[in-house]
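Here is a short set of questions and answers on how terms are applied to one model. Each answer sets a value against a definition.

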Amino acid sequence: MKIEDIMTTEVRTVGVDTPLAEVAQILSEHSLSGLVVVEDGKVVGVVSEADILMKERGRVPERQRLLGLLHDHRPEDEAKLNASTAGEAMTSPAITIGPRTSISEAAARMIDSRIHRMPVVGDDGGLLGIVTRADLVRAFVRTDEDIAREVREGVVFGMLWIPPEEVTV
């Protein structure tokens, strides 16, 4: 099964200049946890609840001595504290995925990158859809007949060019 089979094609997006208060309102009104940020028709980043919460949390006092040295303080976190637009708060560049990528590869990339959503883009970088962890979990909930059909059509016929009726799955 490929990403194009499970992705959501109607994606809410915002521009880089969208005020952060408007981003928060969209997230809240539509029960979303993140939005794709686009500029000139291309995906440039993702702004999530975590990005907004970072701004709301404010600065964390520097830790004392050794713990302060070990603290994971990143320059992009400082910029997000002062953000007023989606472009300033977003995580960029966005980690994206192609529509023909397998769902198992998408799951691995989400886990390894510690992200919850990936914009699906075409070869030109244009937005085609979005896939979330929830979409991937739903893809694993299939009947045996659905799986058998995928094997017949995708592997037996699609890769091996054997007529599906000649094989028992």
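The turns below deal with salt bridges, exposure and one helix.

This is a predicted model, in which local features need pLDDT of at least 70, side-chain atom pairs count only at pLDDT 80 or more, and totals for chains, interfaces and linings use all residues. Residues are numbered from 1 along each chain as its sequence is written, and side-chain values use heavy atoms, with hydrogens and water left out.

Q: Why is the contact of R100 with E4 called a salt bridge?
A: The term asks for a side-chain nitrogen of Lys or Arg within 4 Å of a carboxyl oxygen of Asp or Glu. The closest N and O atoms of R100 and E4 are 2.4 Å apart, so the pair qualifies.

Q: What makes this pair a tie between separate parts?
A: R100 lies in the loop between α6 (86–89) and α7 (103–113), while E4 is in helix α1 (residues 3–6), so the parts joined are 96 residues apart in sequence. Helices here are DSSP runs (H or I, at least four residues), numbered from the N terminus.

Q: Why is D135 called buried or exposed?
A: Buried means under 20% relative accessible area, exposed over 50%, and partly exposed in between (1.4 Å probe, protein chains only). D135 has 8% relative accessibility, so D135 counts as buried.

Q: What is R138, the salt-bridge partner of D135, called on that scale?
A: R138 has a relative accessible area of 52%, so R138 is exposed.

Q: Why does E4 count as neither buried nor exposed?
A: E4 has 34% relative accessibility, so E4 counts as partly exposed.

Definitions and conventions:
Helix = DSSP H or I, 4+ residues; strand = E, 2+ residues; numbered from the N terminus.
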